[in-house]
Amino acid sequence: IRHDWVDRALQARHVCTTPLGEVSRVSSIDPQTGSEWIRRHYIRETEDYAAVRYLVENTVFETRFDGFARRDADLGGDGILLGRLDRTGYQKLVVELADPERVLVDLCTDPGPAERLIEAVNRRVREQFEACLESPAEVLWQPENLTVDLTPPDKFEKYCLPLYREFAQRCRERGKVYLVHMDGKLGPL
């Protein structure tokens, strides 16, 4: 990761080299809020799906449950502890990894590479979910930022809804709450 100041904004260039190719992303970081805005996504060519999938499949997760008791004591009954999940594969793809237009066109013309990446991300999210179920967290939160503009109803039903239903059922069985952050146009969904 390389950071530079460009037009009074901090710019981050992420470069990842894998056996399947190199991918890079450029983002700007707002110096006042810390919000990150992706200017150029990792996936720009069909070949980039495989390199990003390699990164997803070779990512190592570590659980950190030791801080829960301390944070719970700090809250003193004035809040809840969240177990945070990553986005589902489809949402991660259209929000973080590729330009949404690229994803939607690819899913209509040559869905294989995008669908393999979605499946890989979903496998990893399921691993996170299992860890969160075992954690002291009472609420599991998934920050999807879902809107029909980027997730048409057919894509929602195929790529998002099955995972939401699976996670919601498993949380109910364990006495935990499952929250999905959606903040766009949702009526058609």
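Helix 5 (residues 111-134) gives the most to the lining of the second largest pocket, with four residues. Keep that in mind for the exercises below.

This is a predicted model, where local features need pLDDT of at least 70 and side-chain atom pairs count only at pLDDT 80 or more, while totals for chains, interfaces and linings use all residues. Residues are numbered from 1 along each chain as its sequence is written, and side-chain values use heavy atoms, with hydrogens and water left out.

**Exercise 1. Find where confidence is lowest and highest in the protein chain.**

Step 1: start with the chain as a whole. Its mean pLDDT (the predictor's confidence in each residue, from 0 to 100) is 92, and 100% of its residues reach 70 or more.

Step 2: go element by element. Helices (H or I, at least four residues) and strands (E, at least two) are DSSP runs, numbered from the N terminus. Helix 2 (residues 68-75) has the lowest confidence, at a mean of 82, and helix 1 (residues 48-57) the highest, at 98.

**Exercise 2. Describe the second largest pocket and what lines it.**

Step 1: get the volume. About 340 Å³ of space lies in this pocket. On a 1 Å grid over the protein atoms alone, a pocket is an open set of points where a 1.4 Å probe fits, with protein on both sides within 12 Å along at least five of seven lines; lining residues have an atom within 4 Å of a point. Grid points are joined across faces, edges and corners, and the volume is the space filled by probe spheres set on the points.

Step 2: list the lining. Of the 17 residues lining the second largest pocket, Val56, Thr59, Asp86, Lys92 and Leu97 are closest to its centre. Strand 2 (9-18), helix 1, helix 3 (89-97) and helix 5 each give two or more residues.

Step 3: sort by chemistry. The lining splits into nine nonpolar, three polar and five charged residues. Here Ala, Val, Leu, Ile, Met, Phe, Trp, Tyr, Cys and Pro count as nonpolar, Asp, Glu, Lys and Arg as charged, and the others, Gly among them, as polar.

**Exercise 3. Do the same for the largest pocket.**

Step 1: the largest pocket holds about 460 Å³ of space. Its lining has 17 residues, with Arg64, Phe65, Phe68, Arg84 and Cys132 nearest the centre.

Step 2: helix 5 supplies the largest share of this lining, four residues. By type, the lining has eight nonpolar, four polar and five charged residues.

**Exercise 4. Work out why cysteine 160 has no disulfide bond.**

Step 1: apply the rule, a pair of cysteine sulfur atoms within 2.5 Å. The count comes to zero disulfides.

Step 2: check the distance. The closest cysteine sulfur, in cysteine 108, is 15 Å from that of cysteine 160, so the two are too far apart for a bond.

**Exercise 5. Decide whether helix 3 and serine 27 are enclosed or open.**

Step 1: set the cut-offs. Buried means under 20% relative accessible area, exposed over 50%, and partly exposed in between (1.4 Å probe, protein chains only).

Step 2: take helix 3. Eight of its nine residues are buried, so helix 3 is largely enclosed by the rest of the structure. Among them are Tyr90, Lys92 and Glu96.

Step 3: take serine 27, in strand 3 (residues 21-29). Serine 27 is buried, at 0% relative accessible area. Leaving aside neighbours within four places in sequence, its contacts (heavy atoms within 4.5 Å) include Gln11, His14 and Trp37.
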